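Me: I have a structure to go through with you. Please take my questions one at a time and give the reasoning before the result.

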Amino acid sequence: MSLRDATSDRERRDLVTHQVMDESRLIRFVAAPDGSVAPDLGRKLPGRGMWVAADRASVEMASKKNLFSRSAKTRLNASADLAATVETLLFRRCLDQLGLARREGVLISGFEKSAAAIRAGKAAWVIEASDGSSDGRGKLLALARHQTAKVCGMFSADDLSLALGLENAIHAVLLHGGRADRWTVEVERLAGFRPLRPSEWDQDGPQRGTETGHGSLSPESGGAAASGSDEDPGHEPPGAFGGRGSGS
């Protein structure tokens, strides 16, 4: 059972707005033995849970207005960087789950394999390194627009490489299934603290990297871009766009 399935029929009240919402949209906090406020992202720590909407503004407001103390009916110390701590923990959880997905065989990497999975409608998420080449990324995102796959660009190539145990990881696809459902819950919570994709990606344009007449890739082409490498469909010189090519 996925985390989303496990929480889909449970609702909690947000400390800030008092709105009742699904647990998957909230962060659980508990009172630590030292009187501090501890995030409980896995919802496993003992104690009475205090629930806050999964976004930076809500966590900061709960800290600023001492809402944790009011809820617990005792004095609690919510650190000034509590929202940053939650973001860091969610960031790590998302990367850890990608590593698990690769070991389970439900995450594939590399431009060619990613393109094939997207074209076949198997991709739940297209995960692109935030500092990867706009050319290779543009081709895969063009394919994704014809499918139901969601797109994530939160992680750098170094982040992805470390999590997946690969060298220069740039393109990845998380396949439909239970692992993708669990990851969706985590990454959507993380999206309340940092953008799901860099704003500069919107400046690439819908067909960036596909209009030059060579190296084009479209859903109708039935194949990947012609290039000197299976993993690099682009034609940018080394060091372009933050020094990253279109690696694995």
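Me: Which residue of strand 4 does Val-30 stand opposite?

Reply: This is a predicted model, in which local features need pLDDT of at least 70 and side-chain atom pairs count only at pLDDT 80 or more, while totals for chains, interfaces and linings use all residues. Residues are numbered from 1 along each chain as its sequence is written, and side-chain values use heavy atoms, with hydrogens and water left out. Strand 3 (residues 26-31) and strand 4 (residues 37-39) run antiparallel and are joined by 3 bridges; strands (E, at least two residues) and helices (H or I, at least four) are DSSP runs numbered from the N terminus, and two strands pair if DSSP finds at least two bridges between them. Opposite Val-30 in strand 4 stands Ala-38.

Me: Which residue in the turn of the hairpin formed by strand 3 and strand 4 has a positive phi?

Reply: The hairpin has 5 residues between its two strands. A phi of about 90 degrees is found in the turn at Gly-35.

Me: What is the bridge partner of Ile-27 in strand 5?

Reply: Strand 5 (residues 50-53) pairs with strand 3 in the antiparallel sense, over 4 bridges. Within strand 5, Ile-27 is partnered by Val-52.

Me: Is Arg-189 buried or exposed?

Reply: Arg-189 belongs to helix 8 (residues 178-190). Beyond its neighbours within four places in sequence, its contacts (heavy atoms within 4.5 Å) include Ile-27, Leu-41, Leu-90 and Arg-93. Buried means under 20% relative accessible area, exposed over 50% and partly exposed in between, with a 1.4 Å probe and protein chains only. At a relative accessible area of 1%, Arg-189 is buried.

Me: Which helix gives the most residues to the largest nonpolar core?

Reply: A nonpolar core is a set of buried Ala, Val, Leu, Ile, Met, Phe, Trp, Tyr and Cys residues joined through side-chain atoms within 4.5 Å. The largest one has 43 residues, and those touching the most other members include Phe-29, Leu-98, Phe-155 and Leu-174. With 9 residues, the top contributor is helix 4 (residues 82-104).

Me: How many residues apart in sequence are the parts tied together by the pair of Phe-91 and Phe-155?

Reply: Rings of Phe, Tyr and Trp (its six-membered ring) pair if their centres lie within 6.5 Å, and planes under 30 degrees apart count as stacked, over 60 as edge-to-face and the rest as tilted. Phe-91 and Phe-155 form a tilted pair, 5.1 Å centre to centre with 55 degrees between the planes, and both are buried. Phe-91 lies in helix 4 and Phe-155 in the loop between strand 8 (150-152) and helix 7 (157-164), so the parts tied together are apart in sequence by 64 residues.
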